[in-house]
Amino acid sequence: MLKPVKFSPFKEKSRHLTRTFCLSLVALIFSATVAFAQDGEAASGGADDGIPSDPAVISAGEALFKQNCTVCHAINDRVVGPALRDIHTRRPLPWIISFVQNSQKVIQSGDDYAVKLYNEYNKTQMTSFDFSNEEILSVVAYLKAESTKPAETADPTTTTTDGQVAQGGGSGVPSEYINIILIGLLIVLALILLVLVLIVSVLTKYLAQKDDLDEADKDVVQNRFDLGKTLKGNTFMGFAVFIFTAIVLKSVIDGLFTVGVQQGYQPAQPIAFSHKLHAGQMEIDCNYCHTGVRTSKSANIPSPNICMNCHTVIQNVGGQTGMSPEIQKIYNAIDNNQPIEWVRVHNLPDLAYFNHSQHVKVGGLECQTCHGEIQEMDVVYQFAPLTMGWCINCHRETQINTKDNAYYDKLVELHEKKSKKPMTVEDNGGLECAKCHY
Amino acid sequence: MKENTKIYWKGIEQLKNDPEFVKNADKEFPEYLPISENENGNSRRDFLKLMGFGVAAVSLAACEAPIRKAIPYLNKPVDVDPSVANYYASTYINGSDYCSVVVKTREGRPIKIEGNKLSKFSGGGTTAQVEASVLSLYDKQRLQNPMKSGAAVTWDALDAEVKSKLGEIAAAGGQIKIVTHSIVSPSTKKAIAKFIAAYPSTQVITYDASSYSGALNANLSSFGIRALPSYNFNKSKTTVSFGADFLGTWLNPVAFSKQFAETRKLGPKKKEMSRLYSFESNLSLTGANADYRSPIRPSEVGLYVGNLYNLIAAKAGAPAISVAKVDDTATLTKAANDLWASKGSSIVVSGENDISVQTVVNAINNLLGNYGSTLSWDAPVMTKQGDDAMMDVFVTDLSQGLVSGVIFFNCNPVYDHPKGAVIGSSLAKAKFTLSTSDRVDETTSQVTYVAPDNHYLESWNDAEPAKGQYSLSQPAISNIFNTRQAQQSFLTWGNVSTSYLDFIKENWKETHFASQTEIADFQTFWDQCLYNGVFEGDATSTMSAVEFSGDVNAAGTKIAGKYKKGTGLELVTYESIAIGAGEQANNPWLQEMPDPLSKVCWENYISMSQSTANELGIEMKEGFTTKVNVKAGIGTVTLPVVVQPGQAAGTVGLALGYGRTKAGKVADGVGVNAFALLSSNSEGIVYSVAGVTIEPTGESYRIAQTQTHQTFMGRETVIQEATLAEYKADASAGRYKPMISSYSGPKKPNAVSLWKGHEYNNHHWGMVIDLNSCTGCAACSVACQVENNIPVVGKEEVVNRREMAWLRIDRYYSSQGNKEDKSMEGLSMLEKASENPEVTFQPMMCQQCNNAPCETVCPVAATTHSTEGLNQMTYNRCIGTRYCANNCPFKVRRFNWFKYHDNRQFPDNTAMNNELGKMVLNPDVVVRARGVMEKCSFCVQRIQTGKLNAKKQGRRPVDGEISTACATACPTEAIVFGDMKDSNSRISQLLRLSATEEGDTEVKEERAYNVLEEIGVKPNVWYFTKIRNKELTDNQA
């Protein structure tokens, strides 16, 4: 289930298109500068802090980090523990090593930073890791490499398709630079404007001193720029009204289209269940917990008895002892005979019928096509807009998975007689109302 | 259609061409819009306020969507997967009605009942009542706890008190009676036997609301067996029924309809069909399907039976009995000739609850040699065991205070027994009274203790509807309320500590498991039986050697004494198809189901012939009628009149099962209780009353009658029919074959089109409806209602012509006559035409036209055509212009005038207006909002599910795997649904589809026609002509 996402590049929202266009423009202008700056930073990090920059060490560190740390830490996000971006600049190496090896010891030693950290994170103990100094160093090296890399945009639509870059020219430009670049551009434009105004005034002054101008030219020279008059002019008013109406209309239409669209909806769940841990790191097949995904309409949220298949043994994460408070909640549910009330993330309206087995079992789609990089999500959010346009677009573009399915044999034959294009869902009536509405 | 003088009409109004009818017929919707909920009406300001509020609400709603929870099972049962339906075989037992069923459950909730095809006894079909029974499970009026004197108690407390009280009575030798309907379950009988063992002075009193006591006693004296033989209508070439509505309510209508329809199906290889004669007073379903029907008075039934005996006896050389001659000897003689001609393959039945009449009927069957062929004692039917005489003794004993303890086992005699009033008033004389009823009904409200039984869908049980044919009930849901199976109660009170399930298992182990040799392990055997729902034991029986030994002469003498040609008005009661004897009266689906013949719902009424109405000066038009006072026997009731064509002159009809006072909110106060008008004596309950007087009250009354609501505007080719002789000569007899003039000469309507037509590569769904095998039982229309979440609108809205049924059964009367004939004007014409009309039933639903007129007029493309031939209706796109309904030639589109769900204005729509009722809704079908159009979808949810299952398994769907709710429910297989692209499907075979040179398919079956073929809408529903087994001369007489 968890392969690199194969997904059809469906229509992105216009906002994205605009942004992409701007970015590519800016990127073209400033690429040289940015590249230079990055090189400079990477070079300056180097030798003096004792953190290796050997790619082999970094990849070893990456493996260690992903196996052991991602349960609680992320680079950019605060998870169970703090985000580890720029950790090498925040804390000295010896402190990091001793904290990883035994955090409680550091806290008990009265280290101000450690105590503050401990209190800040609700006195959650960090598991002690029996790592060598070199191993910890490699993790820090990895973290440093990640930190100095420009942060990847958090926008879910920038996922790649079959290794190709999805976001056109804009990709590679870190989102936090966009504002800086735009502000820079504005300043440049303002300067240009200033210069032009200066030139005009200098020229006007010069011409005004000349006597040999005829009346018409004098009028032009003495004609003072009347702002009020211009603003009251029909052309300007018409233009302004047009722009205003267009903007209002555009935002009203955009707004209306987003009514009921919950893309990005990421509610807090009663249990801090992480798909990143279960599906990503542990690589548990989606179907293991979502038992209905190949057989029925609903994929099924697993019942606690499924959780218990593993959690009777695994009672804590990251090697910690005792019962994790989150896992305790499953035990409580069973003990108190009280089902767990998850918050629904994906809410299709009742008028639309969607069947998981049709798409997963028959269509052979990956979960990620609609749910995004679920194996990367600590907290699940709604990846796709789940609008009818989104559904239909996919039905238009997706080929039917007819392989080894006798249901389609005759249909494929008939289709091939008439068309050279592969048979899409649309060709088999996939856009008809009663396929989803009844 | 060939030129004949037959005229068709849907109701008296149409026959009269009443101006009101003409006005309404012109309109798709009634002109007025009485939808203002307050009398003042809504002003423009209100509208603006509402709109302002609406805009604000929308913008607020847009800000944040409500948080919706997803709650998984705590411990998911292995077999239950959310959104996947499970099916459990079970047995429907209601009163003494029986049907082997399969229960569809979703997430542990039963949502649909279907017939069990494995059952020999019920044959795989259902009735309207069986279909509707799933809603009775979710009836809020059911008792939620055991009760004592009207207060809830615990089971332990109840058991302790019951045991001590019964113990006291038994120790003193006081009489304890268990009053019950016929018990079909052997294990229940054994459980009661355990109870009797603990309290030896106990006696079981069995009665049936519709009694078969006379027939049972007659069989006892004729054959020495107190049971009914198994009837094989499928072997009968000539059937004569004297008031036994075996297609509607009598004994086992599901199987009988199937058997009867087998003899009525025609095709290229089968050109013979049976003939049915019916002698009856009310126009019943059987009478409506009869080839020859003779309306008779109830006081003459005995005479007719006796005369038939004499006619047969004359042929057989047996001595005649002395009974008076009857009027309609012509039909009777014809019947006798036919019976004699098909000796050994004919059946004579009577619904008369009279031992002498039934003895003579037995004698006729005996003379005809029917026993051993069409009537068999191999597997006697055990569903009816009531003994009216015992019940009569019980009532007397109770009223004299001789009975100390009474237990009412799921019965309600205070309501459904003629002596109910006496029982009710005498109950106080018994020291101990208990009922196991599921609600505080008329009887239960007068007893001290109530030990509420489970619904049958919550119960374990077994049944033996016919000897050697067993079936099991299993719970499809855990108990909704704190109820307990009555059998478990009997075991508990009888000091048996095993659970009833173990008790049944033990019984089955001892008897059925031991009787078979195929399966060695009991658990496997049990699982197999549970899976199948039925266990058909060893078929060979020793009972077939029984000889007729009834005393015909004595019976004849008795008949001569009892049956006299009647004078004055006689009242004949009957079980209605919808409500039956009233057990499920609180089921709104059944209340809103129009009676197949009168098309009246939400009421019972006095049905009378046009001539009687004329005599009484009663006029009925467009549902406006008069209430009358009916004085019959000991009671007087006031109720509306319905002029019913075919009602025997001098008789009036009245349905049983209505007039409940304590059944629940839906049923209470609907109609009047006809049981209270009847009389009962030691010889049995008499279901007719002589010497009835009727006085019109002059009070005008509006009755909810759907018959003329949708009409075809005088296009009289909607029903196409012929006689058997005509059919034999020309298979396309009766067909109307319109031709359209075109530049290249006349063409078939299908050949002329503005459109290019649709291309169907994958599937092409279609339906065939055989008018010859459709009996009009309405099981399909209720099945449709259950499957598709169709709301109940209540009487008022039916009056407003806004019933929501997607599938209606049009009932057409036809008679010889000519509207243009000036000599036959006015009431005399009416009288003659409606005296004894022919009846045709035509199930009518969306015809899924290939050139659908509705599709072209929808301004928002909410109704479109699919690549599988379906005319799709998209509710979320519909804006409610109703153009489509106006443009539909079949009038099958229904508009949601209101929000019927979660609306206190529609309390009768219990399936959508309370938490419990909503459990019955089909989760795969949307509950429609106000202001949208809806119609038959060919059960697209079933099509989609079927296709998906096939795709998942990588194969094409198998014919029969995908079927609509109506086709599945149909006991006679009159409705066949399937894929016309699949050349092996039943529908393709029936239509004899064959490819034309142009690559199209052509229907070769000559009987198949599209309704309104001439308008060229190309429906995907095909009807097969109705063929009557009548002599040509009779038809034109």
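Reply: Helices and strands are DSSP runs, a helix having at least four residues and a strand at least two, and both are numbered from the N terminus. With that in hand, take Glu107(B), which sits in the loop between strand E4 (97-106) and strand E5 (109-115) of chain B. Please keep in mind that this is a predicted model.

Me: Thanks! What is the sign of phi at Glu107(B)?

Reply: Phi is positive there, at about 50°, although Glu107(B) is not a glycine.

Me: How do I read whether a residue such as Glu107(B) is buried or exposed?

Reply: The idea is to count neighbours: a residue is buried if 20 or more other C-beta atoms lie within 10 Å of its own, exposed if 12 or fewer, and partly exposed in between. Glu107(B) has 17 C-beta neighbours inside 10 Å, so it counts as partly exposed.

Me: Where can I look at a positive phi in chain A, in a residue other than glycine?

Reply: Try Leu386(A), where phi is near 55°. Leu386(A) lies in the loop between helix H17 (367-371) and helix H18 (388-397) of chain A. Its neighbour count is 20 inside 10 Å, and therefore Leu386(A) counts as buried.

Me: Let's return to chain B. In what order do strands E3, E4 and E5 line up?

Reply: To read a sheet, follow which strand pairs with which; two strands pair if DSSP finds at least two bridges between them. In chain B the order is E3-E4-E5, and these three strands form an open sheet with antiparallel pairing. Strand E3 (85-94) and E5 are the edge strands, each pairing on one side only. From one strand to the next, the twist averages 35°.

Me: How many bridges link E3(B) and E4(B)?

Reply: There are 10 bridges between E3(B) and E4(B), in the antiparallel sense. If you would like one pair to find in the view, Tyr92(B) has Cys99(B) in E4(B) as its bridge partner.

Me: Now for the whole chain. How many helices and strands does chain B have?

Reply: Chain B has 32 helices and 45 strands. Its C-alpha atoms fill a box of roughly 95 × 80 × 65 Å along the principal axes.

Me: What radius of gyration does chain B have, and what would a compact globule have?

Reply: The trick is to compare the chain with a globule of equal length. For 1037 residues, a compact globule would have a radius of gyration near 31 Å; chain B has 29 Å, which agrees. Buried residues account for 57% of chain B.

Me: Which domains are assigned in chain B?

Reply: A domain can be made of separate stretches of sequence, as you can see here: the assignment gives domain 1 (6-25 + 710-1028), domain 2 (147-211 + 386-532), domain 3 (213-380) and domain 4 (567-702). The C-alpha centres of domain 2 and domain 3 of chain B are 35 Å apart. Their contact involves eight residues from domain 2 and five residues from domain 3 of chain B. On the domain 2 side, one residue is nonpolar, four are polar and three are charged.

Me: Which residues does Val641(B) touch?

Reply: Leaving aside residues up to four places away in sequence, Val641(B) touches several residues, among them Tyr605(B), Ile606(B), Met608(B) and Val628(B). Val641(B) belongs to strand E25 (residues 635-643) of chain B. With 25 other C-beta atoms within 10 Å, Val641(B) is buried.

Me: And between the chains, how many residues of chain B are in contact with chain A?

Reply: For an interface, count the residues on each side, then ask which elements supply them. Here 39 residues of chain B are in contact with 45 residues of chain A. H29(B) gives the largest share of the chain B side, six residues. By class, that side has 17 nonpolar, 13 polar and nine charged residues.

Me: Which strand of chain A is joined to E2(B)?

Reply: Strand E1 (residues 342-343) of chain A is joined to E2(B) by two bridges, and the strands run antiparallel. Look for Val343(A), which stands opposite Lys69(B).

Me: How many helices and strands are there in chain A?

Reply: Chain A has 19 helices and one strand. Of its 438 residues, 21% count as buried.

Notes
Residues are numbered from 1 along each chain as its sequence is written. Chains are lettered from A and ligands numbered from 1 in the order in which they are written. This is a predicted model: local features need pLDDT of at least 70, side-chain atom pairs count only at pLDDT 80 or more; totals for chains, interfaces and linings use all residues. Domain bounds come from an automatic or database domain assignment. Two residues are in contact if their C-beta atoms, placed from the backbone, lie within 7 Å. Ala, Val, Leu, Ile, Met, Phe, Trp, Tyr, Cys and Pro count as nonpolar, Asp, Glu, Lys and Arg as charged, and the others, Gly among them, as polar. Axes are lines fitted to C-alpha atoms, for helices over the stretch in contact, and angles run from 0 to 180 degrees between N-to-C directions. The radius of gyration is taken over C-alpha atoms; the globule rule is 2.2 Å times the number of residues to the power 0.38.
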